[in-house]
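Please work through the exercises below with the sequence and the structure at hand, trying each task before you read its solution.

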Amino acid sequence: MAAIAHVLTLARVAELLGEDEDLLHEISLEMEPEDGVIGVHGIGDDYTPAFTDFGIANLRKRIELHKADARRTSDVAATKLDPRS
């Protein structure tokens, strides 16, 4: 495995993927360093997740899964509201 030469912050990844930062932050909470995410700490309590290229690939997969789960949940809720479905 090649050494990590750079990481991208959550804000930059959100911009690249066209996704909401809050959504990506929520999804990234489920990730571990071996998934390609690291915590970057600044002055005081300033903190942001940052992603390796591998982490961005993992994040993309997790975004797809998250959106699929949200659609299923929405479909189930709609069926409960309209039993004819």
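**Exercise 1. Determine which residues of helix 1 are buried and on which side of the helix they lie.**

Step 1. In this predicted model, helix 1 covers residues 10-17, and its buried residues are L10, V13, A14 and L17.

Step 2. The directions of these residues span an arc of only 100° around the axis, and they therefore lie on the same side of helix 1.

Step 3. Just after helix 1 comes G18, whose phi is positive, at about 70°.

**Exercise 2. Describe the order of the helices and strands, and state how much of the protein is buried.**

Step 1. The protein contains three helices and three strands, and along the sequence they follow the pattern β-α-α-β-β-α.

Step 2. Of the 85 residues in the protein, 27% are buried.

Step 3. The exposed surface of the protein comes to about 6200 Å², with 55% of it supplied by carbon and sulfur atoms.

Step 4. Among the contacts with a separation of 6 or more, 52% are made by residues 24 or more positions apart.

**Exercise 3. Work out which helices supply the largest nonpolar core.**

Step 1. This core has 13 residues, and those with the most contacts inside it are V13, L24, I27, M31, F51, L59 and I63.

Step 2. Helix 1, helix 2 (21-28) and helix 3 (53-81) each supply at least two residues of the core, and the largest share, four residues, comes from helix 1.

Step 3. One of the residues with the most contacts inside the core is I63; leaving out residues up to four places away in sequence, I63 touches L17, E19, L24 and I27.

Step 4. As general background, nonpolar side chains in soluble globular proteins tend to be buried together.

**Exercise 4. Find the nonpolar patch on the surface and decide whether I38 is buried, partly exposed or exposed.**

Step 1. The patch is formed by I4, V7, I38 and V40, which together have about 300 Å² of accessible area.

Step 2. I38 belongs to strand 2, which covers residues 37-41.

Step 3. The relative accessibility of I38 is 38%, and because the class between 20% and 50% is called partly exposed, I38 counts as partly exposed.

**Exercise 5. Compare the surroundings of the two partners in the salt bridge between R62 and D35.**

Step 1. The side chains of R62 and D35 meet at 3.3 Å, N to O; this pair links distant parts of the chain, with R62 in helix 3 and D35 in the loop between helix 2 and strand 2, 27 residues apart.

Step 2. D35 has a relative accessible area of 17% and is therefore buried, whereas R62, with a relative accessible area of 23%, is partly exposed.

Step 3. Not counting residues up to four places away in sequence, D35 touches E30, F54, G55, N58 and R62, so that the salt-bridge partner R62 appears among these contacts by the cut-off of heavy atoms within 4.5 Å.

**Exercise 6. Locate the salt bridges whose two partners lie in one helix, taking R12 with E15 and R72 with D69.**

Step 1. The count of salt bridges in the protein is four, and one of them joins the side chains of R12 and E15 at 2.5 Å, N to O.

Step 2. R12 and E15 both lie in helix 1, three residues apart, about one turn of the helix; R12 is partly exposed at 37% relative accessibility, while E15 is exposed with a relative accessible area of 57%.

Step 3. Another salt bridge is formed by R72 with D69, where the closest N and O atoms are 2.2 Å apart, and these two residues both lie in helix 3, three residues apart, about one turn of the helix.

Step 4. R72 is partly exposed, with a relative accessible area of 49%, and D69 is partly exposed as well, with a relative accessible area of 39%.

**Exercise 7. Establish whether G55 is buried or exposed, and which residues it contacts.**

Step 1. G55 lies in helix 3 and has a relative accessible area of 0%, which means that G55 is buried.

Step 2. Apart from its neighbours within four places in sequence, G55 is in contact with M31, D35 and G36.

Step 3. G55 and L8 are 47 residues apart in sequence, while their C-alpha atoms are 9.5 Å apart in space.

Note on methods: Residues numbered from 1 in each chain as written. Predicted model: local features only at pLDDT ≥ 70, side-chain atom pairs only at ≥ 80, totals over all residues. Heavy atoms only, no water. Buried < 20%, exposed > 50% of the residue type's maximum accessible area, 1.4 Å probe, protein only. Areas by Shrake-Rupley, 256 points an atom, 1.4 Å probe, with all protein chains shown as cover. Arc of directions from axis to C-beta. Patch = residues over 30% accessible without salt bridge, like charges linked within 9 Å, V, L, I, M, F, W, Y side chains within 5 Å. Core = buried A, V, L, I, M, F, W, Y, C linked by side-chain atoms within 4.5 Å.
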